[in-house]
Amino acid sequence: MTNRAFELQAEVLARDLSLRLSGDPLAAIFQYCEKRVAGFLAKYGQIKSLDELLALVANHLGSTFEFVQSGGELAALKASYLADGERAFVNIDTELDDETFGITLRLDHPRFGMRYVSVIDCRGPKSQARYFTQWHELAHLLVLTDQQRISWRRTHAGKKDAEERIVDAIAGRFAFHRALVEPFVREGVSFEIVRSVKAKLCPNSSWQAATLGVVNACPRPCFLLRAKRAPKKRATSADDTTLALRAIQVSRNDAARRAGLQIYPNMRVPARSVITRVHDESINGAQATEDLSWWETSTGEVLESCRVQTHARQTYDGVEAILTAL
């Protein structure tokens with residue numbers, strides 16, 4: 001999946017939503033969704049938790065959730081909806097395969113005014129993604145066009161195409177909505193802050209969703225990365241295959257994007273970084289004040305200078321780190 005495919009799909013979706021494309025189409029889509037949710041909130045008033053926000057958005061979108069934790073529960077759910085004449089449930093047991101976490105279906109006979117139902121698969125390890133899967137399904141409904149409503153069916157699968165990635169991005173913004181999270185992260189982000197936000201606002205979320213959501217809500221430039229030993233992406237010789245500690249996955253928030261700051265995936269972690277120390281010394285965690293100029297590309301170029309507070313913690317296969325601009 002290339003970034004260009006992602007950008008093209010964002011343009012298509014923005015046009016389908018009749019949005020003006022004077023700038024970044026993804027930003028226009030985000031703004032469209034934010035405006036819709038702001039309208040829901042204006043009718044309801046103040047909310048105190050992310051779970052409350054989830055319920056509010058689902059209600060306004062005319063959607064409800066069904067959760068299945070075993071094959072027996074799925075069979076019973078299928079039988080119940082088929083008995084009510086909901087033909088969309090005919091193949092639900094095969095459609096919820098190993099890579100599919102949720103399916104949203106339009107009901108032929110709305111229940112209690114709800115036109116849609118999202119079946120969330122909570123069997124086995126899928127249960128860890130329950131909260132984010134709910135938001136993913138609602139994100140599809142937030143950007144559902146009138147044309148799509150005529151013949152619409154949506155699945156959330158593990159294998160992501162460009163549209164699914166866009167919907168993931170939308171879901172990530174609301175799963176840890178900035179209005180609720182920002183008061184906790186105005187001075188920066190640490191793993192302790194992530195734990196606190198998760199416990200206070202959304203204990204049902206996974207650690208991965210919470211960490212990414214809190215980083216995205218930070219008003220300062222902030223990065224979340226996962227590092228482990230790996231070779232260069234494009235080895236040109238036998239020497240290039242030597243393993244080194246690299247930033248395998250990198251996410252930056254809106255503030256970092258606006259500031260033009262970037263850490264590129266697969267960059268080698270600086271030897272003097274606390275990330276390297278946590279990895280090499282197998283310590284649980286540590287923090288330090290560092291600079292992005294310590295990071296160097298394979299061609300010898302260094303990143304733009306920016307002082308950051310780096311928090312690193314050991315994981316089962318490497319190191320997880322949060323870097324916040326000072």
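These are my notebook entries on side-chain contacts, burial and cysteines in a predicted model.

**Aromatic pairs**

I began with the rings, since a pair of aromatic rings is described by the distance of the centres and the angle of the planes. My search of the model returned 5 aromatic pairs. One of them joins Tyr 81 and Phe 89, whose centres are 4.2 Å apart and whose planes make an angle of 10°, and I entered this pair as stacked. I then looked up the burial of both partners: Tyr 81 has a relative accessible area of 2% and is buried, and Phe 89 is buried as well, at 0%.

I turned next to Trp 135 and Phe 174, where the centres lie 5.9 Å apart and the planes stand at 20°; because planes under 30 degrees apart count as stacked, I entered this pair as stacked too. Trp 135 belongs to helix H6 (residues 130-142) and Phe 174 to helix H8 (residues 162-175), so that this pair links distant parts of the chain, 39 residues apart. Trp 135 is buried at 0% relative accessible area, and Phe 174 is buried at 1%.

**Charges over rings**

I checked where charged side chains sit over ring faces, and I noted Arg 130 over the face of Phe 67, at 3.8 Å from the ring centre. Lys 126 lies over the face of Phe 101, at 5.6 Å from the ring centre. I followed Lys 126 further and found that its side chain also meets that of Asp 121 in a salt bridge, with 2.9 Å from N to O; both Lys 126 and Asp 121 are buried.

**Salt bridges**

Over the whole structure I obtained 13 salt bridges. Which residues are linked in a network of salt bridges? I listed Glu 34, Arg 173, Arg 178, Asp 254 and Arg 257. Within this group I looked closely at Asp 254, which forms a salt bridge with Arg 173 at 2.9 Å, N to O. Asp 254 lies in helix H12 (residues 254-258) and Arg 173 in helix H8, so this pair ties together parts that are 81 residues apart in sequence.

Asp 254 also forms a salt bridge with Arg 178, the closest N and O atoms being 3.5 Å apart. Here Arg 178 lies in helix H9, so the pair with Asp 254 in helix H12 ties together parts that are 76 residues apart in sequence. As for burial, Asp 254 has a relative accessible area of 19%, which I entered as buried because the cut-off is under 20%, whereas Arg 178, at 29%, counts as partly exposed.

**Helix H9**

Having reached H9, I looked up its burial pattern: in this helix (residues 178-185), Leu 180, Val 181 and Val 185 are buried. These residues cover an arc of only 115° around the axis, and therefore I placed them on the same side of H9. The buried residues of H9 pack against helix H3 (50-60), helix H10 (191-201) and helix H11 (207-217).

**Cysteines**

Last, I searched for disulfides and recorded 0 in the structure. How far from Cys 202 is the nearest cysteine sulfur? I noted 13 Å, to the sulfur of Cys 122, and Cys 202 is in no disulfide. For Cys 306, which is likewise in no disulfide, the nearest cysteine sulfur is that of Cys 222, 11 Å away. I set these distances against the cut-off of 2.5 Å for a pair of cysteine sulfur atoms. Cys 202 is buried at 0% relative accessible area, and Cys 306 counts as buried at 14%.

Technical notes. Residues are numbered from 1 along each chain as its sequence is written. This is a predicted model: local features need pLDDT of at least 70, side-chain atom pairs count only at pLDDT 80 or more; totals for chains, interfaces and linings use all residues. Side-chain values use heavy atoms; hydrogens and water are left out. Rings of Phe, Tyr and Trp (its six-membered ring) pair if their centres lie within 6.5 Å; planes under 30 degrees apart count as stacked, over 60 as edge-to-face and the rest as tilted. Buried means under 20% relative accessible area, exposed over 50%, partly exposed in between (1.4 Å probe, protein chains only). Helices (H or I, at least four residues) and strands (E, at least two) are DSSP runs, numbered from the N terminus. A charge sits over a ring if NZ of Lys or CZ of Arg is within 6 Å of the ring centre and within 35 degrees of the ring normal. The arc is that of the directions from the helix axis to the C-beta atoms. Contact means heavy atoms within 4.5 Å. A salt bridge is a side-chain nitrogen of Lys or Arg within 4 Å of a carboxyl oxygen of Asp or Glu.
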